[in-house]
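Colleague: I have a model open and want to learn how to read it. Can you take me through it feature by feature?

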Amino acid sequence: MTYSYYPGCTLKTKAKDLDIYARRAAMALGIELEEIEEWQCCGGVYPLATDEIASKLSSVRALNAAKEKGQDLVTMCSACHHVIKRVNDDMANVSDIQTRANNYMELEEPYQGETSVIHFLELLRDKVGFDKIKEKVVKPLTGRKIGAYYGCLLLRPSKVMAFDNAENPSIMEEFIKAIGATPVVYPLRNECCGGYISLKEEERTQEMVTKIVESAGGAQAESLITACPLCLYNLNKNNSKVDMPVYYFTELLAEALGVKEEVEG
């Protein structure tokens with residue numbers, strides 16, 4: 001299975017190990033991730049202004065590059081996934097944005113939302129299958145009680161993202177089971193951690209993070225996993241009251257598949 005791959009800025013710089021974990025895990029599962037050539041930053045935030053075109057063009061370039069290869073586009077970071085999938089929806093359904101973006105880019109063939117955008121977790125669930133992942137696990141995380149932290153961007157807006165049930169998701173809990181650990185469901189797993197306001201409103205962010213980790217701890221979770229590098233950083237940095245390690249999902253996948261040592265060695 002070969003896919004076009006958009007890594008995004010964070011996974012290529014400050015969090016490059018998380019990208020390498022994903023690539024090594026993908027190889028172990030028979031997946032080839034072809035990084036898009038000359039990709040550009042997606043902006044990290046979906047532009048809400050209806051007349052904003054310029055900040056969407058990098059996403060359109062990535063989407064069109066995957067289209068030209070006849071491949072689905074895989075994302076790893078939930079922020080990148082959110083932006084690119086919403087821009088793809090615009091290109092498929094908003095004629096004004098579609099026309100203006102294509103006129104600016106002067107592509108050989110107009111892009112009209114043809115590329116399928118899938119998060120790596122969706123690839124694991126829908127293309128590989130969690131049952132197959134269980135078979136490939138060589139170091140099951142038996143006995144570890146892990147809470148899934150979804151945050152905002154994977155699930156909303158639900159009709160566009162179509163990632164999972166926005167109110168009661170299960171994909172990350174099924175992932176946790178597949179790598180041999182025990183999933184812990186807790187009330188605030190879908191709540192915002194305040195990542196985007198962490199620099200401006202540090203105290204408020206710390207309150208939001210504390211509520212989340214206390215909610216997980218109250219349900220007997222011993223650690224959390226997330227699919228958002230910003231959430232990972234924010235939950236670790238602004239949690240000072242509860243002993244709750246937070247991991248990126250690709251790190252635990254690499255550990256369970258026995259390839260984590262290849263990255264750290």
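Modeller: We will go through strands, cysteines, pockets and backbone oddities in turn. Keep in mind that this is a predicted model.

Colleague: Let's start with strand E1. Why is strand E1 largely enclosed by the rest of the structure?

Modeller: Look at the accessibility of each residue. Buried means under 20% relative accessible area. Strand E1 covers residues 2–6, and four of its five residues are buried, so the rest of the structure largely encloses the strand.

Colleague: Which strands pair with E1, and in what sense?

Modeller: Read the bridges. E1 pairs with strand E2 (residues 32–35) in the parallel sense, over four bridges. E1 also pairs with strand E3 (residues 73–75), again in the parallel sense, over three bridges.

Colleague: Which residues stand opposite each other in these pairs?

Modeller: Towards E2, Ser4 stands opposite Glu34, and Tyr5 stands opposite Glu35. Towards E3, Tyr6 stands opposite Thr75. When you inspect side chains, remember that in a regular strand they alternate between the two faces of the sheet.

Colleague: What do E1, helix H1 and E2 make together?

Modeller: Follow the chain from strand to helix to strand. E1, H1 (residues 16–28) and E2 make a β-α-β unit, and the unit is right-handed.

Colleague: Now the cysteines. How many disulfides are there?

Modeller: Check the sulfur distances. A disulfide needs two cysteine sulfurs within 2.5 Å. The count here is zero.

Colleague: Why is Cys80 not bonded to Cys77?

Modeller: The closest cysteine sulfur to that of Cys80 is in Cys77, at 3.9 Å, which is too far for a bond. Cys80 has 6% relative accessibility, so it counts as buried.

Colleague: And Cys152: how far away is the nearest cysteine sulfur?

Modeller: The nearest one belongs to Cys192, 3.5 Å away, and Cys152 is in no disulfide. Cys152 is partly exposed, at a relative accessible area of 28%.

Colleague: On to pockets. What is the volume of the largest one, and which residues are closest to its centre?

Modeller: Start with volume, then lining. The largest pocket has a volume of about 520 Å³. It is lined by 25 residues, and Thr10, Tyr196, Pro229, Leu230 and Tyr233 are the closest to its centre. Helices H3 (78–93) and H10 (229–237) are the elements that each give two or more residues to this lining. H10 has the largest share, with five residues. By class, the lining has 16 nonpolar, six polar and three charged residues.

Colleague: What about the second largest pocket: how much space lies in it, and what lines it?

Modeller: About 200 Å³ of space lies there. Its lining has 14 residues, with Glu37, Glu38, Arg61, Ala62 and Ala65 nearest the centre. Helix H2 (residues 57–69) gives the most, seven residues. Seven of the lining residues are nonpolar, three are polar and four are charged.

Colleague: Last, the backbone. What should I look for?

Modeller: Look for exceptions. Most residues other than glycine have a negative phi, and most peptide bonds are trans.

Colleague: Where is there a cis peptide bond?

Modeller: Between Arg156 and Pro157, where omega is about -5°. Pro157 sits in the loop between strand E5 (145–149) and helix H7 (158–161).

Colleague: Which residues have a positive phi?

Modeller: Ala162 is one of them, with phi near 45°. Ala162 lies in the loop between H7 and helix H8 (171–178). Gln220 is another, with phi near 80°. Its loop runs between helix H9 (202–218) and strand E7 (223–226).

Colleague: Is Gln220 buried or exposed?

Modeller: Its relative accessibility is 52%, so Gln220 counts as exposed.

Conventions
Residues are numbered from 1 along each chain as its sequence is written. This is a predicted model: local features need pLDDT of at least 70, side-chain atom pairs count only at pLDDT 80 or more; totals for chains, interfaces and linings use all residues. Side-chain values use heavy atoms; hydrogens and water are left out. Buried means under 20% relative accessible area, exposed over 50%, partly exposed in between (1.4 Å probe, protein chains only). Two strands pair if DSSP finds at least two bridges between them. A crossover is right-handed if, with the strands pointing away from the viewer, the path from the first strand over the helix to the second runs clockwise. On a 1 Å grid over the protein atoms alone, a cavity is a set of points where a 1.4 Å probe fits but cannot get out, and a pocket is an open set with protein on both sides within 12 Å along at least five of seven lines; lining residues have an atom within 4 Å of a point. Grid points are joined across faces, edges and corners, and a volume is the space filled by probe spheres set on the points. Ala, Val, Leu, Ile, Met, Phe, Trp, Tyr, Cys and Pro count as nonpolar, Asp, Glu, Lys and Arg as charged, and the others, Gly among them, as polar.
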